Amino acid sequence: MDADWRIYSKRADFDAIGNRFNIDPVVARVIRNRDVISEDEVERFLYGTLDSLYPGSLMKDMDKGVGILSRKIDEGVKIRVVGDYDVDGVTATYILYDALKNLGADVSYDIPHRITDGYGINVRMIEKAHADGVDTVITCDNGIAAFDALERGKELGLTIVVTDHHEIQEKLPMADAVIDQHQEGDEYPYKEICGAVVALKFIRCLYKSRGMELSDRKYLDFAALATVCDVMPLLDENRVIVREGMKQIANTDCVGLRALVNECGLSGSAISAYHLGFMLGPCINTCGRIGAATDALELFVSDDAEWCRKRAVEIKQNNDERKRITEEGTALAIEETEKAGRDSDQVIVTYLNGVHESLAGIIAGKLKEHFYRPTIVFTDSAESELYKGSGRSIDAYNLFQELTAVQDILYKFGGHKLAAGVTIEKKNLEALREQLNANAHMTEQELIPKLMIDVPMPLRYVSMDLIRQLDSLEPFGTGNPRPLFAEAGLSLLGMEIFGKRSNAMKLRVKDSRGGTFILMSFDPDGIVSDIKQWFTDEVCDKILRGIDTGVKIDVAYQPQINTYNGMSSIQFMLRNMRPNAAE
């Protein structure tokens with residue numbers, strides 16, 4: 001549970017904000033910690049509606065792109081949507097394809113294969129589109145950096161519209177219209193939207209231009225899925241899209257999505273961002289990892305309920321298998337890293353034999369969390385002399401920048417500060433590890449994970465009403481984490497391990513005023529290990545037997561409402577702990 005505890009120090013008149021919006025000052029402070037500052041921003045954060053979403057017409061080239069597609073629909077020419085193989089790409093492809101089809105367009109779709117094609121549209125796909133008699137290509141969640149592919153498309157006489165959300169590189173691709181909120185001169189006010197949201201903005205503008213009505217809730221379910229799974233900040237209009245989209249998923253009119261919801265055991269449940277990011281999203285992603293992303297897209301475009309049910313079962317089973325393989329690969333990677341003594345490296349570089357290359361990124365992320373070190377995991381590739389790798393980093397280490405510094409020994413690489421893809425010649429694996437570590441100069445403090453505390457708050461302050469107010473800040477995720485609180489100097493009176501697998505623990509603590517409280521944890525082994533390390537085995541044994549030893553701890557916790565047999569009560573979830581500084 002080692003972590004560097006930090007308390008947000010952002011300032012505002014929390015009492016005034018609380019009075020203005022009828023919320024607890026603690027809730028006002030949490031909102032301010034999310035960099036929500038002005039009254040208008042607080043209002044939008046708390047009460048934003050679909051009417052407050054920004055119009056897509058503000059995007060540069062939106063009118064031009066809409067005009068092109070509208071003409072092509074009228075001309076009856078073949079249109080092809082080209083997406084990408086992750087959740088954002090698949091959902092964006094579905095939005096464009098389904099909406100264009102409903103407008104009477106002669107439309108088809110294509111998605112690159114992760115292994116044989118790699119990311120985004122490529123020359124092969126362009127040439128295939130031309131061979132198929134396609135007149136117009138519209139991309140989604142990719143295309144902004146597809147210079148060679150789109151240049152080839154223009155050579156072949158294709159009309160090309162790019163819709164993307166990624167950062168602009170040194171130039172724009174050759175296209176008849178480029179819609180990407182990051183390009184120079186774009187007036188769209190919120191830049192942190194995903195590819196599926198850009199696609200949805202495009203479709204709404206297209207329908208409006210043709211005098212067609214489109215429900216303001218149409219496709220929100222897919223836009224919400226993509227926003228969460230593409231790790232967009234759940235702030236500004238993304239909050240509204242995800243909050244309303246989660247409601248839409250529970251009542252989706254897409255037969256395939258409904259089948260997947262059912263197969264994941266979510267039918268009839270209140271959908272949360274967790275369900276999107278950790279249950280539905282991974283099922284879609286698995287198609288692109290160990291099969292073809294079109295497997296997921298075919299599920300969404302079908303209206304055959306029985307066929308969709310069977311496909312959803314297959315996709316869920318494949319994801320379960322992917323999770324099993326990932327867990328085995330992660331355990332192997334941790335074992336081999338520790339066995340080789342490389343867990344003390346500032347940058348972990350490892351090779352895993354027999355692991356599918358599409359899982360390298362997931363395993364790298366899990367190793368990064370386990371060791372809190374930048375990590376690159378390599379696996380075998382289709383080319384015998386090359387390894388393909390995927391890296392995940394921590395805040396203190398700019399992975400892309402550090403790879404750029406050693407690019408002379410890399411075959412190919414790309415990415416950003418926290419994630420990257422790398423291909424190297426096998427002979428250069430050890431050289432890469434040595435050079436990255438030789439160049440790394442992170443401090444000991446930087447190699448400890450940061451734990452951001454929203455408010456130092458006594459357990460006794462928590463009420464049911466406060467928890468309900470905090471829950472109203474959902475959806476939680478990137479940019480808006482679930483609020484975290486802390487109290488220092490609690491006496492640890494006892495610990496009780498329970499559960500069929502002894503995987504849960506209750507900690508009984510007492511505050512300075514004599515009040516006792518129970519905190520729940522699902523890491524009893526870690527807690528016992530920490531208590532022994534901090535206070536000796538003998539003290540730990542006494543605490544497990546309920547003997548007050550006078551030991552004091554600081555706790556970081558999250559309150560929630562626990563409902564059992566129709567009765568509701570406050571429950572405190574322990575997220576971290578440390579010995580009190582006075583001990």
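Which helices do the buried residues of α3 pack against? In this predicted model, the buried residues of α3 pack against α1 (14-21), α2 (25-33) and α10 (236-250). The residues of α3 that are buried are V42, R44, F45 and L46. E39 also belongs to this helix, which spans residues 39-47. E39 counts as partly exposed because its relative accessibility is 47%, a value that falls between the limits of 20% for buried and 50% for exposed. Apart from residues up to four places away in sequence, E39 touches R20 and F21. The C-alpha atoms of E39 and A99 are 37 Å apart, and the two residues are separated by 60 places in sequence.

Burial was next examined for helix α9 (residues 220-229). Ten of the ten residues of α9 are buried, so the helix is largely enclosed by the rest of the structure. The buried residues are L220, D221, F222, A223, A224, L225, A226, T227, V228 and C229. Their cover includes α5 (87-102), α8, α10, α11 (255-263), α12 and α13 (294-301). Helix α10 thus appears in two settings, since the buried residues of α3 also pack against α10. After α9 comes V231, which has a positive phi near 55 degrees.

The nonpolar interior was then considered. In soluble globular proteins, nonpolar side chains tend to be buried together. In this model the largest nonpolar core has 129 residues, and F202 and F300 are the members that touch the most other members. Helix α8 (residues 195-209) provides the largest share of this core, ten residues. When residues up to four places away in sequence are not counted, F202 touches M62, G65, V66, L69, L96, I138, T163 and I179. A second core, separate from the largest, has 22 residues, among them F378, I424, L429 and L447.

Aromatic rings form 13 pairs in the structure. One of these is the pair of Y274 and F278, which is stacked, with 5.1 Å from centre to centre and 25 degrees between the planes. Both residues lie in helix α12 (residues 273-290), four residues apart, or about one turn of the helix. An α-helix has 3.6 residues a turn, so residues three or four places apart point the same way. Y274 has a relative accessible area of 49% and is therefore partly exposed. F278 is classed as exposed because its relative accessible area is 58%, and the limit for exposed is over 50%.

F517 and F572 form an edge-to-face pair, with 6.1 Å between centres and 90 degrees between planes. This pair links distant parts of the chain, as F517 is in strand β16 (residues 516-521) and F572 is in strand β18 (residues 567-579), 55 residues apart. F517 and F572 are both buried. Elsewhere, ring pairs join Y94, Y219, F222 and F300 into a cluster. Two members of this cluster also occur above: F222 is among the buried residues of α9, and F300 is one of the residues with the most contacts to other members of the largest core.

Empty space was also located. Rolling a probe the size of a water molecule over the atoms shows where empty space is left. The second largest pocket has a volume of about 460 Å³. Its lining consists of 19 residues, and P55, G56, R204, C205 and K208 are those nearest the centre of the pocket. By class, this lining has nine nonpolar, three polar and seven charged residues. At least two lining residues come from each of α4 (62-75) and α8. Helix α8 contributes the most, with six residues. The same helix, α8, supplies the largest share of the largest nonpolar core.

Across the whole structure, the search finds one cavity of 30 Å³ or more. The largest cavity holds about 50 Å³ of space. L470, D471, F476, R482, P483, Q558 and P559 line this cavity. Of its lining residues, four are nonpolar, one is polar and two are charged. Helix α18 (464-471) and strand β17 (552-564) each supply at least two residues of the lining.

Conventions: Residues numbered from 1 in each chain as written. Predicted model: local features only at pLDDT ≥ 70, side-chain atom pairs only at ≥ 80, totals over all residues. Heavy atoms only, no water. Core = buried A, V, L, I, M, F, W, Y, C linked by side-chain atoms within 4.5 Å. Buried < 20%, exposed > 50% of the residue type's maximum accessible area, 1.4 Å probe, protein only. Contact = heavy atoms within 4.5 Å. 1 Å grid on protein atoms, 1.4 Å probe; cavity = no way out; pocket = protein on both sides within 12 Å on 5 of 7 lines; lining within 4 Å. Points joined across faces, edges and corners; volume = space filled by probe spheres on them. Nonpolar A, V, L, I, M, F, W, Y, C, P; charged D, E, K, R; others polar. Phe/Tyr/Trp six-rings, centres within 6.5 Å; stacked < 30°, edge-to-face > 60°.
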